[in-house]
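Here's a quick tour for anyone meeting this structure for the very first time. Have a look at the sequence and the model, then read on.

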Amino acid sequence: MAGIEVSVRDLVNRDRDCTEKALAQMDMRRKINLLIGEWKAAGGGDVLPDVRERVRLRPATTSGSPLRVIARR
């Protein structure tokens, strides 16, 4: 979803038509909201981690940045 958001921003910044990408982004958000609703209806009540928590909980790598690790593969 982050890739679509970047694409929409890029198209808007270049004064291009972003209708198709924006509709895809809204569809993805709808699907995520539906999944969260189903999860809650099934008894899910835990607080979901936000991005800061996920990054903080990620195991440290010895090679530094996660981007560098991906680039080396």
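Setting aside its neighbours within four places in sequence, Glu 5 touches Gln 25 and Arg 29. Keep in mind that this is a predicted model. Glu 5 sits in helix H1. Its C-alpha atom and that of Lys 21 are 8.3 Å apart, with the two positions 16 residues apart along the chain.

Those contacts belong to a bigger meeting of helices. So how do H1 and H2 cross? The axes of helix H1 (residues 2-13) and H2 come within 9 Å and cross at roughly 150°. An angle over 145 degrees counts as roughly antiparallel, and H1 and H2 are therefore roughly antiparallel to each other. The crossing of the two, H1 and H2, is left-handed.

Who does the touching? On the H1 side the contact is made by Ile 4, Glu 5, Ser 7, Val 8 and Leu 11, and on the H2 side by Lys 21, Ala 22, Ala 24, Gln 25, Met 28 and Arg 29.

Now for the largest pocket, which holds about 200 Å³ of space. Its lining consists of Ile 32, Ile 36, Pro 49, Asp 50, Val 51 and Arg 54. Helix H2 (19-41) and helix H3 (51-57) each put at least two residues into that lining.

Here's the make-up of both sets of residues:

| Set of residues | Nonpolar | Polar | Charged |
|---|---|---|---|
| Contact of H1 with H2 | six residues | two residues | three residues |
| Lining of the largest pocket | four residues | no residues | two residues |

One helix turns up in both stories: H2 meets H1, and H2 also helps line the largest pocket.

Note on methods
Residues numbered from 1 in each chain as written. Predicted model: local features only at pLDDT ≥ 70, side-chain atom pairs only at ≥ 80, totals over all residues. Heavy atoms only, no water. 1 Å grid on protein atoms, 1.4 Å probe; cavity = no way out; pocket = protein on both sides within 12 Å on 5 of 7 lines; lining within 4 Å. Points joined across faces, edges and corners; volume = space filled by probe spheres on them. Helix = DSSP H or I, 4+ residues; strand = E, 2+ residues; numbered from the N terminus. Nonpolar A, V, L, I, M, F, W, Y, C, P; charged D, E, K, R; others polar. Axes fitted to C-alpha atoms, helices over the stretch in contact; angles between N-to-C directions. Parallel < 35°, antiparallel > 145°, perpendicular 65-115°, else oblique. Left-handed = near helix turned anticlockwise from the far one by under 90°. Contact = heavy atoms within 4.5 Å.
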